[in-house]
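The following pages introduce a single protein chain to a reader who has not met it before. Please keep the sequence and the three-dimensional view at hand while reading.

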Amino acid sequence: MIDKMERFVCDMYNKVSKLTEARYAVFRKSYAPTKQSNPLAKVKGADSSTLPPSKSVLIQKVNRTNYVIMLWKNAHQPNPNPKVDPSQCGWILKDGHCQILWFDGDQMPTNITHNVSVTDEGEPTEDEDDYVLSNSD
């Protein structure tokens, strides 16, 4: 099922077979360097919402959608809550409420997180000169 969903999403963006390829193609088209002197200029203002979802995000979206469909299919019953745990369907239970589980796994590949410095607060620094890129890998 997920493979078919992945193919469908890839077809919406371009004719590739993997979400990673689709994400790269869209990113490259939008943010490829135009000036050799400042290759990161376009990346600084990158908007990740314009990219196709990663596979882990797509899986969570499909899980949440299936859960909501189960609720709607049982809406005619006095207690429409299906016998399915929301935390197994793309949701996080916190204080009795459901919150979205956006993705499962690491947010960025480790080879990227090792090459970008962050501030003491754990946030990437704002100044482009503060980013530390290395070729150690």
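The paragraphs below go from the overall fold to individual residues and end with the confidence of the model.

The structure is a predicted model. Its chain contains four helices and two strands, and along the sequence these elements follow the pattern α-α-α-β-β-α. Of the 137 residues in the chain, 18% are buried. The chain exposes about 10,500 Å², and 54% of that area is supplied by carbon and sulfur atoms. Among contacts between residues at least 6 apart in sequence, 43% join residues at least 24 apart.

The interior may be taken up next. The largest nonpolar core consists of seven residues: Val9, Cys10, Val16, Leu19, Ala22, Leu58 and Val62. Helix H1, helix H2 (19-31) and helix H3 each contribute at least two residues to this core. One member of the core, Val16, can be followed through its contacts. Neighbours within four places in sequence being set aside, Val16 is in contact with Arg7, Cys10, Glu21 and Ala22.

Attention now turns to charged side chains. How many salt bridges does the structure hold? There are three salt bridges in the structure. In one of them Lys55 is paired with Asp3, and the closest N and O atoms are 3.5 Å apart. This pair links distant parts of the chain, since Lys55 belongs to helix H3 and Asp3 to helix H1 (residues 2-13), with their positions 52 residues apart in the numbering. Lys55 also meets the side chain of Glu6 in a salt bridge, at 3.3 Å from N to O. Here too distant parts of the chain are linked: Glu6 lies in helix H1 and Lys55 in helix H3, 49 residues apart. Asp3, Glu6 and Lys55 are thus linked in a network of salt bridges.

The members of this network can also be described by their exposure. Is Glu6 buried or exposed? Glu6 has a relative accessible area of 4% and therefore counts as buried. Asp3 is exposed, with a relative accessible area of 54%, while Lys55 is partly exposed at 33%.

A further salt bridge joins Arg7 and Asp11, with 3.4 Å between the closest N and O atoms. Because Arg7 and Asp11 are four residues apart in helix H1, about one helical turn separates them. Arg7 is partly exposed, at 35% relative accessibility. Asp11 likewise counts as partly exposed, at 32%. Arg7 has already appeared above as a contact of Val16.

Helix H3 deserves a closer look. Helix H3 spans residues 55-73 and includes Thr65. Gln60 also lies in helix H3. Is Gln60 buried or exposed? With a relative accessible area of 7%, Gln60 is buried. Which residues does Gln60 touch beyond those up to four places away in sequence? Gln60 touches Gly90, Leu101, Trp102, Phe103 and Asp104. Thr65, in turn, has a relative accessible area of 44% and is therefore partly exposed. Thr65 and Cys89 stand 24 residues apart in sequence, and their C-alpha atoms are 8.4 Å apart in space.

The strands come next. Strand S1 (residues 91-94) and strand S2 (residues 97-100) run antiparallel and are joined by four bridges. Within this pairing, Leu93 of the one strand stands opposite Cys98 in S2. The two strands form a hairpin with two residues between them. Asp95, in the turn of this hairpin, has a positive phi of about 55°. In a regular strand the side chains alternate between the two faces of the sheet.

The confidence of the prediction should be kept in mind throughout. The mean pLDDT of the chain is 79, and 78% of its residues reach 70 or more. Over residues 127-137, pLDDT stays under 50, and for this stretch the model has 20 contacts beyond four places in sequence. Where pLDDT is low, the predicted coordinates should not be read in detail.

Methods. Residues numbered from 1 in each chain as written. Predicted model: local features only at pLDDT ≥ 70, side-chain atom pairs only at ≥ 80, totals over all residues. Heavy atoms only, no water. Buried < 20%, exposed > 50% of the residue type's maximum accessible area, 1.4 Å probe, protein only. Contact = heavy atoms within 4.5 Å. Salt bridge = Lys/Arg side-chain N within 4 Å of Asp/Glu carboxyl O. Pairing = 2+ DSSP bridges. Areas by Shrake-Rupley, 256 points an atom, 1.4 Å probe, with all protein chains shown as cover. Core = buried A, V, L, I, M, F, W, Y, C linked by side-chain atoms within 4.5 Å. pLDDT = per-residue confidence, 0-100.
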